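Here are a few short exercises, each with a worked solution. Grab your viewer and follow along.

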Amino acid sequence: MGRLLVETQALRKSYLTGAGALEVLHGVDFSLEEGEFAAVMGPSGSGKSTFMNILGCLDTATSGVYRLLGDPVSDLGPDELAVRRNRFLGFVFQGYNLLPKSDLLENVALPLLYARVPSHERRRRAMEQLAKVGLADFAHRLPGQVSGGQQQRAAVARALVGRPSLILADEPTGNLDSQTSDEIMGLFIGLNGEGSSIILVTHEPDVAACAKRLVRFLDGRLVEDSAVAERRTLPPATDPAANPAGG
Amino acid sequence: MLLAMFLEALRAMGANRLRTSLTMLGMVIGVGAVILMLAVGEGTRMTVKRQVEALGTNIFIVLAGSFNTGGVRSGSGQRQTLTLEDADAIRALEGVGAVTPVSFASLQLVAGGRNWNTQVTGAGEGFSEVRSWPVADGREMDALDVQQASRSIWLGTSASAELFGQDDPLGQTVRVGVTPFTVAGILSSKGQSMDGRDQDDTALVPFSSFSRYLQGSQFQGRVRMLMVKSRDGVDMAHVQEDMTQLLRERHRIIDPMADNDFFISNLSAVMDSAEAAAQAMTLLLGAIASVSLAVGGIGIMNIMLVSVTERTREIGIRLAIGARRKDILTQFMLEAVLVSVTGGLLGLLCGAAGAWTVSRFWNTSVFITPFSLALSFTVSLGIGVFFGFYPAWKAAGQDPIEALRHQ
């Protein structure tokens, strides 16, 4: 197998509330290798979102170890975490989270701005990613001028543009109808086929069934970690020409 | 990087045009008021300065002393203690540029069919240098005129117009009292004095001619008043001290406690105090205008705080995809500075337009100094940085998870 991307040991997270410390993660051991595609499932309050936030370097654990590409990140400050998010991670959110007043091209190019990539290079690479998700013709539309599925594809392009080691998707199909969901999942399967490593949080068994590995959380503990028995296959993303390596 | 952020700041400004323009208006008014007030203050200062300079700068007036008999003191210049020899001795002092005795009287001038009452000054050949008042047409008074008590007269432009109208006065005869004088020159125009008197309504004759033909003084060779011009760049107080010392020695005032029998005053002191008053007015006006500038700055801060709250989610997205705190800080600071500097530049134009309007319709002189322009620009930049910092710092300190959750 590939190299170890993510490794956590005895990861704990607690929040201080009025009623005392509330522990939401009770020691999670998890690891993910390059090229894996894991789906994280679990009911609300199971701690999966907190877990994802820590993996995404958006939050830090109260105790335990988290290594990203072998490098411990538990004690890093906000700016060092920002650099790691920018360099190694790509995010896809449930609500797309595109900047409403910037067109799709600018949205996709944004991570490269913070990576200090020169302007023409930013545009070239953003355009390349938009073409890959079948949105070349929509580059100069604002997010409000395209469909939800197209917005989510632009968000995937934005997650990919910095050539991250790991893509973290938080309920990427939560706001989409089933057909558009399948489109997006087709895109993810394709990306994984090309070698991208993906961790995806979802409520929907159908969506989870697209992954290769299933991780289940309950009450702040990792209770199941298994290979997906019957993996769903989906047609590649809507525009096969735009996604030649689609699954 | 900075260019991309600059473009984003421009877009953010454009996205809320009304709000941006209103915020800018605060800066426009503030900077405009500062420019206008400083222009009015500076204009006043220049007017005062010009008026004092019209008298001639670095000039001393030496008056013959008052007499004091039985406790009744007359005004200065009543006792003829100054002599022409005193004038020559002062001229020899280091630091003294020119000296002239001065006498004057209001006399009737007659030329052809016209007559006119004007102030006639008797002075030496140093007069034009001391008063910085050259001859515009004809010849300057020279030592020979004074030596021979020539019956030559120099007219101010207004007096000349009253006596000769459009005719050429040079070489014409003007009778002063009963003595005929020949017009040797026309003095250049000096305009109004500080008290509003027309300085060009005057005539000038050699000092010797004045005492011989016009004054009939019983004290030949004595003068009531000397005007002394110091050389450029010398210390006025030092020259005054030298003159006092010299005159006391010449007048044999040995007792160090004894009063001077002369009186020296200094126009530069008048000018200094007048300028100081005008300067104080400029400062006061500037201070009042600065208040509106500060209010403009607070307006920017207010709007930036609203903007940071409104755009919390945007900040969260930027942080999530790798923006560092300083990137967010720079972005919001740039927006604040852009608003304040654009407002400042517009205010500069408005202030200049206002100053022009004031000078045109209120007949007040205004003067916009490059300093006030540079100051306003720098201050508006500073206001953007100062009042933009807190909102930008607040934006940069957001927690990405909280910010992303913000609706």
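Let's start right after α6(B) (helices are DSSP runs of H or I with at least four residues, strands are runs of E with at least two, both numbered from the N terminus): there, B:G165 takes a positive phi of about 60°. Before you dig in, note that this is a predicted model, where local features need pLDDT of at least 70, side-chain atom pairs count only at pLDDT 80 or more, and totals for chains, interfaces and linings use all residues. Residues are numbered from 1 along each chain as its sequence is written, with chains lettered from A and ligands numbered from 1 in the order in which they are written.

**Exercise 1.** Work out which residues of helix α6 of chain B are buried, and where they sit around the axis.

*Solution.* Step one: apply the cut-offs, with C-beta atoms placed from the backbone (buried means 20 or more other C-beta atoms within 10 Å of a residue's own, exposed means 12 or fewer, partly exposed is in between). In α6(B), residues 157-164, that picks out B:T157, B:A159, B:S160 and B:L163. Step two: they span an arc of only 160° around the axis (taken from the directions from the helix axis to the C-beta atoms), so they are on the same side of α6(B). Step three: look for the cover, which includes β5 (96-111), β6 (114-123) and β11 (202-206) of chain B. Contact here means C-beta atoms, placed from the backbone, within 7 Å.

**Exercise 2.** Is B:R212 buried, exposed or partly exposed?

*Solution.* First find the residue: B:R212 is in helix α7 (residues 207-215) of chain B. Now count: 17 C-beta neighbours fall inside 10 Å, so B:R212 is partly exposed. For a bonus, check B:A149, which is 63 residues away from B:R212 in sequence but 7.7 Å away in space, C-alpha to C-alpha.

**Exercise 3.** Find out how strand β3 of chain A is covered and which strands it bridges to.

*Solution.* Begin with burial: five of the five residues of β3(A), 37-41, are buried. Split them by face, and you get A:F37, A:A39 and A:M41 on one side, with A:A38 and A:V40 on the other. Then go to the pairing (strands pair if DSSP finds at least two bridges between them). Four bridges link β3(A) in parallel to β8(A), residues 197-201, where A:F37 partners A:I198. Another strand, β9(A), residues 213-218, also runs parallel to β3(A) and is joined to it by four bridges; there, A:V40 partners A:V215.

Definitions and conventions
Two residues are in contact if their C-beta atoms, placed from the backbone, lie within 7 Å.
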